[in-house]
Amino acid sequence: VAGTAKPLVVILAEPAGTVATDLLAPYAVLAESGAVEVKVVAASAERVRLTPGMAWLAPQLTLAQLAQAHPQGPDVVIVPAMSVIDDPVRAAWLRAQLQGGARVMAICNGAKVLAAAGLLDGRQATVHWYSFDDIMDAHPQVAWRRDVRWVTDGPITTTAGISAAEPATLALLGELAGEDVMRDTARRLQLPLPQQRHDGSDYRMTARGAGLVTANRLAFWRHEDVAVPLAPGFDELAFGTAMDAWSRTYRSTAWAAGPASATSRHGLQVYRSPRPPAAFDREAPLPEPDVMQATFEAIGRAYGQTTARFVALQFEHPYGAISAW
């Protein structure tokens with residue numbers, strides 16, 4: 001209907017640390033669609049560390065500003081994985097949004113935030129493969145599933161590992177704006193259409209993986225600082241994936257490099273560290289298309305295929321499935 005307001009989706013951020021891909025992938029997909037309004041929100045205006053690399057993001061709205069601008073509340077709240085899992089104030093805010101009629105979607109270990117807030121009790125849910133044993137012990141009242149990339153139970157959706165952010169967000173977009181909008185957005189971003197099928201049992205820590213971590217950690221004299229270019233109009237999907245992946249090798253740390261700050265393709269303000277390394281060991285150019293696959297392949301060329309597959313394993317991406325090792 002002409003003049004009808006777009007659905008409002010907010011992505012919740014934690015200044016102490018919010019996983020880069022968990023935040024930037026849903027933002028990029030939804031903003032690219034043009035069919036929804038999407039904002040990154042946080043409790044304060046403090047800059048948000050995009051973990052595990054070295055970059056910071058400015059929230060677009062504080063929770064107080066959100067309440068003032070949108071007293072009816074958001075239609076959807078997306079919760080990425082965060083460094084602070086159990087925050088009573090945030091938990092109360094999430095419960096209030098759910099009670100007010102909002103949908104809530106957790107990306108990867110964002111499910112830990114929802115579980116800590118009591119939002120998953122009595123529901124089916126999923127989470128990153130590495131967290132399953134601990135979270136099943138801590139929250140036995142949740143029916144945890146490993147057989148799908150995302151689970152929707154009532155108004156709550158949870159996803160498996162980091163790489164599930166893109167398909168789960170596309171599926172959400174299809175529900176909010178229709179199948180045609182979802183397909184067109186996927187085409188423009190060169191993303192595959194969402195598939196819910198998944199075998200979480202194919203992702204697990206092996207002796208080989210543990211040995212790789214030990215070996216890469218012990219080779220501290222070979223640890224590299226990797227520059228990820230920060231430039232006006234940068235692509236959020238590629239930037240988030242590069243920052244995230246190159247910081248999971250146990251051989252390198254990724255740093256936003258370039259100007260002090262830059263505005264992304266869809267309006268996010270991202271900052272580099274005020275104290276970057278004096279020199280970088282290599283640059284990780286932002287890849288396209290098939291951003292994740294291209295990033296894992298670049299890491300393989302730099303550090304070997306075992307390290308590349310271990311990074312993909314952390315993303316819960318098929319490139320890192322144990323059957324592919």
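## Exercises on a predicted model

At a relative accessibility of 14%, Thr 51 counts as buried, a starting point for the exercises below, which concern a predicted model.

**Exercise 1.** Determine where Thr 51 lies and which residues distant in sequence are in contact with Thr 51.

*Solution.* Begin with the secondary structure, where Thr 51 is found to belong to strand β4. Next compare its relative accessibility of 14% with the cut-off, since buried means under 20% relative accessible area, and Thr 51 therefore falls in the buried class. Then set aside the neighbours within four places in sequence, which leaves Gly 17, Thr 18, Val 19, Ala 20 and Ser 83 as the contacts of Thr 51. As a further step, take the C-alpha atoms of Thr 51 and Val 38, which are 13 residues apart along the chain and are separated by 21 Å.

**Exercise 2.** Establish what the geometry of the peptide bond from Thr 51 to Pro 52 is, and where Pro 52 is placed.

*Solution.* The omega angle of this bond is near 5°, and the bond from Thr 51 to Pro 52 is cis. Turning to the location, Pro 52 sits in the loop that runs between β4 (48-51) and β5 (56-57).

**Exercise 3.** Tyr 250 and Glu 316 are residues with a positive phi; for each, find the angle, the place in the chain and the degree of burial.

*Solution.* Take Tyr 250 to begin with: its phi is near 60°, a positive value in a residue other than glycine, and its place is in the loop between α9 (236-246) and β14 (252-257). Its relative accessible area is 29%, so Tyr 250 is partly exposed. For Glu 316, which is not a glycine either, phi is positive at about 55°, and the residue is found in the segment after α11 (305-315). With a relative accessibility of 3%, Glu 316 counts as buried.

**Exercise 4.** Describe helix α10 by its span, its buried residues and the residue that follows it.

*Solution.* Helix α10 covers residues 291-303, and its 13 residues reach 18 Å from the first C-alpha to the last, close to the 18 Å expected at 1.5 Å a residue. Its buried residues are Val 291, Met 292, Thr 295, Phe 296, Ile 299, Gly 300 and Tyr 303. To read that list, recall that an α-helix has 3.6 residues a turn, so residues three or four places apart point the same way. After α10 comes Gly 304, whose phi is positive, near 100°.

**Exercise 5.** Is Ser 264 buried or exposed, and which residues does it touch?

*Solution.* Ser 264 lies in the loop between β15 (261-263) and β16 (269-271). Its relative accessible area is 5%, so Ser 264 is buried. Not counting residues up to four places away in sequence, Ser 264 touches Gly 233, Phe 234 and Glu 236.

**Exercise 6.** Place these local details within the whole protein by describing its secondary structure, compactness and contacts.

*Solution.* The protein contains eleven helices and 17 strands. Its radius of gyration is 19 Å, close to the 20 Å that the globule rule gives for 325 residues, so the protein is as compact as a globular protein of that length. Burial comes next, and 56% of the 325 residues count as buried. Finally, among contacts between residues at least 6 apart in sequence, 70% join residues at least 24 apart.

Methods:
Residues are numbered from 1 along each chain as its sequence is written. This is a predicted model: local features need pLDDT of at least 70, side-chain atom pairs count only at pLDDT 80 or more; totals for chains, interfaces and linings use all residues. Side-chain values use heavy atoms; hydrogens and water are left out. Helices (H or I, at least four residues) and strands (E, at least two) are DSSP runs, numbered from the N terminus. The radius of gyration is taken over C-alpha atoms; the globule rule is 2.2 Å times the number of residues to the power 0.38. Buried means under 20% relative accessible area, exposed over 50%, partly exposed in between (1.4 Å probe, protein chains only). Contact means heavy atoms within 4.5 Å. The expected span of a helix is 1.5 Å times one less than its number of residues.
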